[in-house]
Amino acid sequence: MMRRIAVALLGLLLMTGAQAAYDLDQLMSDLATQKGGRARFVEKRHVALLDKPVQASGEMVFTPPDRLEKRTLLPRPETMVLDKDTLSLERDKRKFTIHLNNRPEAQAFVESIRSTLSGNRKALEQDYALKLEGESQRWVLTLVPKDDAILALLKRITVSGSKNQVRHIEYLQADGDRSEISIEPIEVQ
């Protein structure tokens, strides 16, 4: 009887160990299988000076490996396009363009999104210390900036999802303000 219990416990421990094997390499491999697509987003910005969060919503389109478009529809239209090393923003009929190779802190911030979506661990680890918790069905990836200049602006980024889908991103700024983006993929018909 004791032997059966010991064998059952050993089997249970081995199964638990197998489930715990989900690691950064597996997550990045899962994310790299994502072929891009469209998603709806809702963003809530929690700013210390305001009584309640500021909310925006719209659609995002990701085309791996390096094009991301974010079209805010509410509360007012705005389009942001990241194409390779150029970030373009259009709001109120005004257009701004930033070349990221001239702004290393902006480059690191942009790479946190683009490299996560495309499963590029090497690019992420250039600027961030990575910590993964959970398993493939429900994972949480925390990115902490390595560079003091970036850390002075951004405390951490927390990305969560399931399998190869990013579903939530939270940015915690050094001043305590934070943004949360919930993402819902749009199925292509």
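## Pockets, a cavity and a ring pair: worked exercises

The largest pocket holds about 1,000 Å³ of space. This is a predicted model, where local features need pLDDT of at least 70, side-chain atom pairs count only at pLDDT 80 or more, and totals for chains, interfaces and linings use all residues. Residues are numbered from 1 along each chain as its sequence is written, and side-chain values use heavy atoms, with hydrogens and water left out.

### Exercise 1: the largest pocket

Work out which residues and elements line the largest pocket.

Step 1. Get the terms straight. On a 1 Å grid over the protein atoms alone, a pocket is an open set of points with protein on both sides within 12 Å along at least five of seven lines, while a cavity is a set where a 1.4 Å probe fits but cannot get out; lining residues have an atom within 4 Å of a point. Grid points are joined across faces, edges and corners, and a volume is the space filled by probe spheres set on the points.

Step 2. Find the centre. The lining has 32 residues, and Glu-43, Met-80, Leu-87, Phe-109 and Tyr-171 lie nearest the centre of the pocket.

Step 3. Place the lining on the fold. Helices (H or I, at least four residues) and strands (E, at least two) are DSSP runs, numbered from the N terminus. Elements that each give at least two lining residues include β1 (37-46), α3 (104-118) and β10 (165-173). The largest share, five residues, comes from α3.

Step 4. Sort by chemistry. The lining splits into 21 nonpolar, two polar and nine charged residues. Here Ala, Val, Leu, Ile, Met, Phe, Trp, Tyr, Cys and Pro count as nonpolar, Asp, Glu, Lys and Arg as charged, and the others, Gly among them, as polar.

### Exercise 2: the second largest pocket

Describe the second largest pocket by its volume and its lining.

Step 1. About 360 Å³ of space lies in this pocket.

Step 2. Its lining has 18 residues, with Gln-34, Gly-37, Arg-38, Ala-39 and Gln-165 nearest the centre.

Step 3. β1, β2 (54-63), β10 and β11 each give at least two lining residues, and β1 provides the largest share, three residues.

Step 4. By chemistry, this lining has 11 nonpolar, five polar and two charged residues.

### Exercise 3: the aromatic pair

Find the aromatic pair and say which parts of the chain it ties together.

Step 1. The structure has one aromatic pair. Phe-109 and Tyr-171 make up this tilted pair, at 5.0 Å centre to centre and 45° between the planes. For the cut-offs, rings of Phe, Tyr and Trp (its six-membered ring) pair if their centres lie within 6.5 Å; planes under 30 degrees apart count as stacked, over 60 as edge-to-face and the rest as tilted.

Step 2. Phe-109 sits in helix α3 and Tyr-171 in strand β10, so the pair links parts that are 62 residues apart in sequence.

Step 3. Check the exposure of each ring's residue. Phe-109 is partly exposed, with a relative accessible area of 35%, whereas Tyr-171 counts as buried at 9%. Buried means under 20% relative accessible area, exposed over 50%, and partly exposed in between (1.4 Å probe, protein chains only).

### Exercise 4: two hairpins

Trace how β4 pairs with β3 and with β5.

Step 1. β3 and β4 run antiparallel and are joined by six bridges. Two strands pair if DSSP finds at least two bridges between them. A hairpin of three residues connects β3 to β4.

Step 2. β4 and β5 also pair in the antiparallel sense, over six bridges. Two residues lie between them in the hairpin, and Lys-84 in that turn has a positive phi of about 55°.

Step 3. Look at Glu-78 in β4: Thr-72 stands opposite Glu-78, and Glu-78 stands opposite Arg-91 in β5.

### Exercise 5: the cavity

Which residues line the largest cavity, and which element gives the largest share?

Step 1. There is one cavity of 30 Å³ or more, and about 40 Å³ of space lies in the largest cavity.

Step 2. Ser-112, Ile-113, Thr-116, Leu-117, Ile-157, Val-159, Val-166 and Ile-169 line the cavity.

Step 3. α3 gives the largest share, four residues. α3, β9 (154-162) and β10 each supply at least two.

Step 4. The lining has six nonpolar, two polar and no charged residues.
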